[in-house]
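Hi,

Here is the structure I promised to send over. Have a look at it first, and then read my notes underneath.

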Amino acid sequence: MPLNSYSSDRQQGQSQRPCQIFSLFASVTLAGLLFGCTIQTTNQYEATARTTYTWQVRYYANQSRRDKDERLESLVSTSLVNRNGEKPESAVIGPDDKGLWWPAIPPKPLLDEIEKRQRPYETASPPELLQKVEYQISYNNGEKIVSLPTNHDVYREVAKAYPTRTPLELTLGVDDNSVEKAEPR
């Protein structure tokens, strides 16, 4: 390739770069307008965090430890609902480092229970104890109560604001199907 040809291609690429940057900026701005977040302010709200312990066993097809040849069985679980950061009456463990209370750990499944669910061609793993938390917030939106999934940060903001009923500004997620952020107002 001749030197002059390379030079003119390079200059043409540089002149297109501002157009590419502008195009990217315009796309991001348009996406923000189309999928923007809804802000909802409320002074009537409640946040819950359902904490769950579950004993789970993995069953593998004999001679195989590949994911497609595996199935999971949940054998025993216990749950507890935390409300607004307050200690639930039936809490046994906690608060943990996230301020959550937990139920009693369910009894570990016995070998007989594990084998009862095992198919003839399978091998069972030792039971694993899983922890799971599901967060939800309910708030008054006019004359109706809306309940949406949320995250730990929103739960903690509600826990801090709830005792004084401080109004909160809630940032809803895509299609208003979740609450992504809560800030005191």
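Below is what I found, starting with the overall fold and then going through the salt bridges.

A word on the ground rules: this is a predicted model, so local features need a pLDDT of at least 70 and side-chain atom pairs count only at pLDDT 80 or more, while totals for chains, interfaces and linings use all residues. Residues are numbered from 1 along each chain as its sequence is written, and side-chain values use heavy atoms, with hydrogens and water left out.

The fold first. The chain has three helices and eight strands (DSSP runs numbered from the N terminus: H or I of at least four residues for helices, E of at least two for strands). Reading from the N terminus, the order is α-β-β-β-α-β-β-β-α-β-β. There are 185 residues, and 32% of them count as buried (under 20% relative accessible area; exposed is over 50% and partly exposed is in between, with a 1.4 Å probe and protein chains only). If you take the contacts (heavy atoms within 4.5 Å) with a separation of 6 or more, 65% are between residues 24 or more positions apart. The accessible surface is about 12400 Å², with 51% of it belonging to carbon and sulfur atoms (Shrake-Rupley, 1.4 Å probe; for residues, only the protein chains shown count as cover).

Now the salt bridges (a side-chain nitrogen of Lys or Arg within 4 Å of a carboxyl oxygen of Asp or Glu). The whole structure has eleven of them, and here are a few.

R58 has a salt bridge to E70, at 2.7 Å from N to O. E70 sits in strand β3 (residues 70-83) and R58 in strand β2 (residues 45-61), so this pair ties together parts that are twelve residues apart in sequence. R58 also meets E128, at 3.0 Å from N to O. That pair links distant parts of the chain, since E128 is in strand β5 (residues 128-141), 70 residues from R58 in strand β2. What about exposure? E70 counts as partly exposed at 22% relative accessibility, R58 does at 24%, and E128 does at 29%.

Then there is R71 with E122, where the closest N and O atoms are 2.8 Å apart. This is another link between distant parts: R71 belongs to strand β3 and E122 to strand β4 (residues 122-124), 51 residues apart. Are R71 and E122 buried or exposed? Both are buried. Through shared salt-bridge partners, R71, E73, R117 and E122 form one network.

Cheers
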